[in-house]
Amino acid sequence: MDAVAVTLQAPESLSLRALALNPLTDGDVLVEIDWSGISSGTEKLLWTGRMPNFPGMGYPLVPGYESVGRVIDAGVDARSRIGEWVFVPGANCYQGARGLFGGTARRVVLPAARAVPVPERLGRDSILTALAATAYHAIVGGAAPDLIVGHGILGRLLARLTIACGAPAPTVWETNAARRDASGYAVIDPASDARRDYRTICDASGAADIIDAVMPCLAKGGELVLAGFYDRLSFAFPPAFMREARLRISAEFTPADTAATIALIDTGTLRLDGLISHARPAAEATEAYPQAFTDPECLKMVLDWRNL
């Protein structure tokens, strides 16, 4: 059994390859992927070669942790899952390539417990499950943000979830004027913001200088939540010292975050529509990846596997 997969041979060297898949074990499912998202955070680090040396890191690798599709086969202990529409947060099922994060392929094998049922009516918007759960994890770990930095895909989800969780609408900073579109909350140029008493600031920009940039606007005793992914961070200590600033790093989402996010989607409290800006056939992956990382108009790129 094999599958066509996006494979990074080395930084900035990407191709579609047929890879042999590991056999199904009793508790595994085989998922045929319809859509997969390209992450402009972690996958950009894989693309550029700047990803820190996590366990399992190395080339060649299959990227991706934002895929959705249908269970088409399963081991004996998971046969009841056949036919389900599921979200795939990655897979490590390839012979001849590492699965970091392993979800960007036409078919994947993974433990049934990791295949998360999601509403099929969402279609390709289902690929946003991981990002929405990531945003939820950042918000529920402390006080809801009154300032969000960055109005990309994660920043938009943070703003929507802040409101969905019953908190007041946040202010959002965005330096790119083309990305200041919003409904239900204000998106402003940070240079125009004179406020200096934000209690909780959540960064979704991933900028290396973010701590210095926001510290003048943080209230005394306030908290900065780092919700992006960063290669290295440094900051001037005196401004943070004067504010007795607190720093919280929001890591990976948990199964509980995913379940809570899906519940908000099911009730209509959280919407995922209008966030995917670009879609290309999976056969055009070699062009789609650079565009996802360099095109300022590309909010979110998805690959369509249905005709491959």
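This is a short walk through the overall build of one protein and its cysteines.

A word on the source: what you see is a predicted model, and the values I quote are computed from it.

I will start with the fold as a whole. The protein contains seven helices and 16 strands. Its C-alpha trace spans about 60 × 40 × 30 Å along the principal axes. For 308 residues, a compact globule would have a radius of gyration near 19 Å, and the protein comes out at 20 Å, so the two agree.

Next, the interior. Of the 308 residues, 51% are buried. If you take contacts with a separation of 6 or more, 65% of them join residues that are 24 or more positions apart.

Now the surface and the charges. About 13,200 Å² is exposed, and 53% of that comes from carbon and sulfur atoms. On the charge side, there are 28 positive and 34 negative side chains. The centres of those two sets lie 3 Å apart.

That leaves the cysteines. How many disulfides does a search of the whole structure find? The count is zero. C165 is in no disulfide, and its nearest cysteine sulfur belongs to C202, 12 Å away. C165 is also partly exposed, at a relative accessible area of 39%.

Then there is C217. Why does its sulfur make no bond with the one in C202? C202 holds the closest cysteine sulfur, but that is 15 Å away and therefore too far for a bond; the cut-off for a disulfide is 2.5 Å. C217 has 5% relative accessibility and so counts as buried, whereas C165 is partly exposed.

Conventions
Residues are numbered from 1 along each chain as its sequence is written. This is a predicted model: local features need pLDDT of at least 70, side-chain atom pairs count only at pLDDT 80 or more; totals for chains, interfaces and linings use all residues. Side-chain values use heavy atoms; hydrogens and water are left out. Helices (H or I, at least four residues) and strands (E, at least two) are DSSP runs, numbered from the N terminus. The radius of gyration is taken over C-alpha atoms; the globule rule is 2.2 Å times the number of residues to the power 0.38. Buried means under 20% relative accessible area, exposed over 50%, partly exposed in between (1.4 Å probe, protein chains only). Contact means heavy atoms within 4.5 Å. Accessible areas come from the Shrake-Rupley method with a 1.4 Å probe; for residues, only the protein chains shown count as cover. Lys and Arg count as positive and Asp and Glu as negative; His and the chain ends are not counted. The place of a charge is taken as NZ of Lys, CZ of Arg, CG of Asp or CD of Glu.
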